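Thank you all for coming. I would like to take a few minutes to walk through one structure, starting with the whole chain and then moving to a few individual residues.

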Amino acid sequence: MGRLILWCYFLWYAFFVVRYFDPSRNLWLTSLGISLIVGIALIISTRTGGGNSRLKPWVTFRLFLMPFCVSSFSALVKGRGFVLIFSPHAAENFLALGLCAAFCAFVAGVKLSRRSQPR
């Protein structure tokens, strides 16, 4: 369930990035820089007791991806009337929500079909 929620967050982000895309090199480089700084801090914060425990690659990737998405999203929607992550245009919110709902339905369908198949 947790990964499904993360994928829905990403779909919401991707919908609005496509909708409000800005090719400004500074915006994306700044987001990348914030991602590196915060991602490294998150990696450091996950270390326990000075051990050399290694995170799975997908987990490490997400620790860098999330700050990139947050910083680029906030830069893209700045001054556009968003409240938290919600557009001032209801239709956009419903489309993004519909995208997430369709994805959840797809995942549920795949899981149900796997259960009904004989092993």
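Before I begin, one term that I will use throughout: when I say that one residue touches another, or that they are in contact, I mean that they have heavy atoms within 4.5 Å of each other. Please also keep in mind that what you see is a predicted model.

Let me start with the overall architecture. The protein chain contains 4 helices and 0 strands, and, read from the N terminus, its elements follow the order α-α-α-α. Its radius of gyration is 18 Å, well over the 14 Å that the globule rule gives for 119 residues, so the chain is more spread out than a compact globule. Taken along the principal axes, the C-alpha atoms fill a box of roughly 50 × 50 × 20 Å. Of the 119 residues, 26% are buried, and the chain exposes about 8700 Å², of which carbon and sulfur atoms supply 70%. As for how the chain meets itself, among contacts with a separation of 6 or more, 75% are between residues 24 or more positions apart.

Now to the residue where I would like to spend some time, which is Glu-92. Which residues does Glu-92 touch, once we leave aside those up to four places away in sequence? They are Phe-15, Phe-16, Arg-19, Tyr-20 and Ser-87. Glu-92 sits in helix α4, and it counts as buried because its relative accessible area is 6%, with the cut-off for buried being under 20%.

One of those partners, Arg-19, deserves a separate word. Side chains of opposite charge can pair when their charged atoms come close. Here Arg-19 forms a salt bridge with Glu-92, and the closest N and O atoms are 2.6 Å apart. The pair links distant parts of the chain, with Arg-19 in helix α1 (residues 2-19) and Glu-92 in helix α4, 73 residues apart. The structure holds 1 salt bridge. Unlike the buried Glu-92, Arg-19 is partly exposed, at a relative accessible area of 48%.

Another of the partners is Ser-87, which lies in the loop between α3 (57-77) and α4 (90-116). Is Ser-87 buried or exposed? With a relative accessible area of 6%, Ser-87 is buried. Leaving out residues up to four places away in sequence, Ser-87 touches Phe-16, Tyr-20, Phe-82, Glu-92 and Asn-93, and a polar atom of the Ser-87 side chain lies 3.0 Å from the backbone nitrogen of His-89.

In that loop between α3 and α4 we also find Leu-84. Leu-84 is exposed, with a relative accessible area of 75%, and although it is not a glycine, it has a positive phi of about 60 degrees.

Let me turn next to helix α2, where Ser-31 is placed. Ser-31 is buried, at a relative accessible area of 2%, and its contacts, again not counting residues up to four places away in sequence, are with Phe-68, Ser-71 and Ser-72. What does the side chain of Ser-31 reach at 3.0 Å? That would be the backbone oxygen of Leu-27, while a polar contact of 3.3 Å joins the side chains of Ser-31 and Ser-71. By way of a distance through space, Ser-31 and Lys-56 are 25 residues apart in sequence and 23 Å apart from C-alpha to C-alpha.

Finally, let us look at the surface. Leu-29, Leu-32, Leu-36, Ile-40 and Ile-44 make a nonpolar surface patch of about 480 Å². Two of these residues can serve as examples. Ile-40 is placed in helix α2, which covers residues 25-46, and is partly exposed, with a relative accessible area of 46%. Leu-36 is also found in helix α2, and at 45% relative accessibility it counts as partly exposed. The C-alpha atoms of Leu-36 and Arg-62, which are 26 residues apart along the chain, are separated by 12 Å.

To bring this back to where we began, the pairing that I would ask you to look at once more in this predicted model is the salt bridge between Arg-19 and Glu-92, with Ser-87 also touching Glu-92.

How values were computed
Residues numbered from 1 in each chain as written. Predicted model: local features only at pLDDT ≥ 70, side-chain atom pairs only at ≥ 80, totals over all residues. Heavy atoms only, no water. Patch = residues over 30% accessible without salt bridge, like charges linked within 9 Å, V, L, I, M, F, W, Y side chains within 5 Å. Areas by Shrake-Rupley, 256 points an atom, 1.4 Å probe, with all protein chains shown as cover. Salt bridge = Lys/Arg side-chain N within 4 Å of Asp/Glu carboxyl O. Helix = DSSP H or I, 4+ residues; strand = E, 2+ residues; numbered from the N terminus. Buried < 20%, exposed > 50% of the residue type's maximum accessible area, 1.4 Å probe, protein only. Polar contact = N/O pair within 3.5 Å; in protein donor to acceptor, adjacent residues only side chain to side chain. Rg over C-alpha atoms; globule rule 2.2 N^0.38 Å.
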